Amino acid sequence: MIRKLISRVFGGKKPSANHHEPAVIPVSTHGITRDRISVGSRRTCETLQQHGHKAYVVGGAVRDLLIGAEPKDFDIATDATPEEVRHAFRRSRIIGRRFQIVHVMMGQETMEVTTFRGTLGADTKTDEHGRVLHDNVFGSQSEDAARRDFTANALYYDPITEAVIDYHHGVGDLKQRTLRMIGEPRARYREDPVRMLRAVRLAAKLGLTIDPAASKPIREMAGLLENVPAARLFDEMLKLLTSGHSVKCITQLRDEGLHHGLLPMLDVILEQPMGEKFVMASLANTDARVRQGKGVSPGFLFATLLWHEVLAHWEKLKAKGEPKIPALHQAMDTVIEVQGEKLAITRRIAGDIKDIWALQPRFEARAGKRPYGLLEQPRFRAGYDFLLLRAESGEIDMELAEWWTRFQNVDGDKRAEMLMPEQAADKKRRRRRKKPAETAAE
């Protein structure tokens, strides 16, 4: 009898979308005590329960706690409608169009509170490919569990009783290190193609194996990503790149055949030996920063992903006789424009990307006053870090990167001693620039 109970709670039995009887797992079995969740999420659940509603910490936070990871945030699921949640908390607001949620402010925390979602009906509004466009359908907790993407995300934690409620054997799948889809994978991918990217990201981040039934359709359905709004795709790409496991994610994206639909040029970049080395060095550096708790710049990330495509365009333009710097700016604009058709890169991030690229030729100037001027540039540090990656990947001579490392770390006379002698061509160009001014003065 005990063996049957253990098998039911921790076993790998394949879930069914129609299975509504959950396993209620006590704290003595799963080990998550209420002090492991944030104060804000605990107070939010308590307040909603005091108002007569069900309320649980749900999804990724419960999953991460079960595998010993630190949750990034704590989302709440409840049977209260958005309006009822809004009335229960003075500092709250309703947001969202596709599915309304409530942001509840608790001290420095902002809790995301979602009403249980109901089963999609025949009248649900979808696009021609089956992607759900509007989803303000509320339902029971069991329906909400069935609507979630993976079994590992259909877990509910009650901070009052400290029990985990598991509708689809998610705890057992986590024990078996398996990422399993709830329901029929093809139908779930059609509802929301971003689930294919999420499967790759979660598998890489958590060290899970995607269940074959969920993995097999991905390659053949990758084209559905073309119908996802660019802003949403950009957000998912950013989560993937800043997960702390971006190298694994990019590798698995390629293995699953998703890179063609995700970044239009990523497959081209990864097929170039120098480009792949450069991209992987950048991603490894990003992963290390994330794991150390350091900040990551989206502009820097996308600048590295697209740099070798800029290089290819730049070389073609120079070969046609275009001047060096105008050719670079033309190549930059072309690459950003093509990329912008798929990913909604914001104007600010696009500006950061271009700033980093535009600084690269300026690092070649090591004579006169130009090196001093470059040090004063607001984006110097990002440009310098980018230069280091170029040198580490073998694109440029390491000597140039080492020179700039020394130059910024010495002062006064030592800097002056490091300057290179000016070339005759440089002096001639400077005299040409001065000539109109001198003529005007006369």
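Helices here are DSSP runs of H or I with at least four residues, numbered from the N terminus. By that definition R63 has its place in helix α4. The model shown in every view is predicted.

**Figure 1. Overview of the predicted protein model.** The protein has 442 residues, and 49% of them count as buried. Its secondary structure consists of 23 helices and ten strands. Contacts between residues at least 6 apart in sequence include a 66% share that joins residues at least 24 apart. The exposed surface of the protein comes to about 21,900 Å². Carbon and sulfur atoms account for 50% of that surface.

**Figure 2. Close-up of R63 in helix α4.** Helix α4 covers residues 60-66. Is R63 buried or exposed? R63 counts as buried, because its relative accessibility is 7% and the cut-off for burial is under 20%. Leaving out residues up to four places away in sequence, R63 touches A152, N153, L155, L174, L202, K205 and L206. Helix α4 is also one of the elements that give two or more residues to the lining of the largest pocket.

**Figure 3. Pairing of strands β2, β3 and β6.** Strand β3 spans residues 75-78 and strand β6 spans residues 109-115. These two strands pair in the parallel sense, with three bridges between them. Two of the residue pairs can be picked out in this view: I76 stands opposite V113 in β6, and T78 has T115 as its bridge partner in β6. Strand β2, residues 55-58, pairs with β3 in the antiparallel sense over four bridges. In that pairing, Y56 stands opposite A77 in β3. Strand β3 thus pairs with β2 in the antiparallel sense and with β6 in the parallel sense.

**Figure 4. The hairpin of β5 and β6.** Strand β5 consists of residues 101-106 and runs antiparallel to β6. How many bridges join β5 to β6? There are six bridges between β5 and β6. M105 has T110 as its bridge partner in β6. Two residues lie between the strands of the hairpin, and G107 in this turn has a positive phi of about 60°.

**Figure 5. The largest pocket and its lining.** The space in the largest pocket is about 1,900 Å³. Its lining is made up of 50 residues, and those nearest the centre of the pocket are D75, E112, R198, R201 and K239. The elements that give two or more residues to this lining are α4, β3, β6, α6 (141-147), α9 (194-206), α11 (230-241) and α15 (273-291). Which element gives the most to the lining of the largest pocket? Helix α9 does, with six residues. Sorted by class, the lining has 26 charged, 15 nonpolar and nine polar residues.

**Figure 6. Close-up of Q141 in helix α6.** Q141 is buried, since its relative accessible area is 6% and burial is set at under 20%. Not counting neighbours within four places in sequence, Q141 is in contact with K54, Y56, F116, Y156, I165 and Y167. Of these contacts, Y56 is the residue that stands opposite A77 in the pairing of Figure 3. The C-alpha atoms of Q141 and A77 are 8.7 Å apart, although the two residues are separated by 64 residues along the chain.

**Figure 7. Close-up of S282 in helix α15.** With a relative accessible area of 0%, S282 is buried. Beyond residues up to four places away in sequence, S282 touches F300, T304 and L389. Helix α15 is also among the elements listed for the lining of the largest pocket in Figure 5.

**Figure 8. Positive phi at H169 and R177.** Most residues other than glycine have a negative phi. H169 is not a glycine, yet its phi is positive at about 60°. R177 is likewise not a glycine and has a positive phi of about 55°. Where is H169 found? H169 is in the loop between β8 (163-166) and α7 (170-175). R177 is in the loop between α7 and β9 (178-179). H169 is buried, with a relative accessible area of 12%, whereas R177 counts as partly exposed at 36% relative accessibility.

Methods: Residues are numbered from 1 along each chain as its sequence is written. This is a predicted model: local features need pLDDT of at least 70, side-chain atom pairs count only at pLDDT 80 or more; totals for chains, interfaces and linings use all residues. Side-chain values use heavy atoms; hydrogens and water are left out. Two strands pair if DSSP finds at least two bridges between them. Buried means under 20% relative accessible area, exposed over 50%, partly exposed in between (1.4 Å probe, protein chains only). Contact means heavy atoms within 4.5 Å. Accessible areas come from the Shrake-Rupley method with a 1.4 Å probe; for residues, only the protein chains shown count as cover. On a 1 Å grid over the protein atoms alone, a cavity is a set of points where a 1.4 Å probe fits but cannot get out, and a pocket is an open set with protein on both sides within 12 Å along at least five of seven lines; lining residues have an atom within 4 Å of a point. Grid points are joined across faces, edges and corners, and a volume is the space filled by probe spheres set on the points. Ala, Val, Leu, Ile, Met, Phe, Trp, Tyr, Cys and Pro count as nonpolar, Asp, Glu, Lys and Arg as charged, and the others, Gly among them, as polar.
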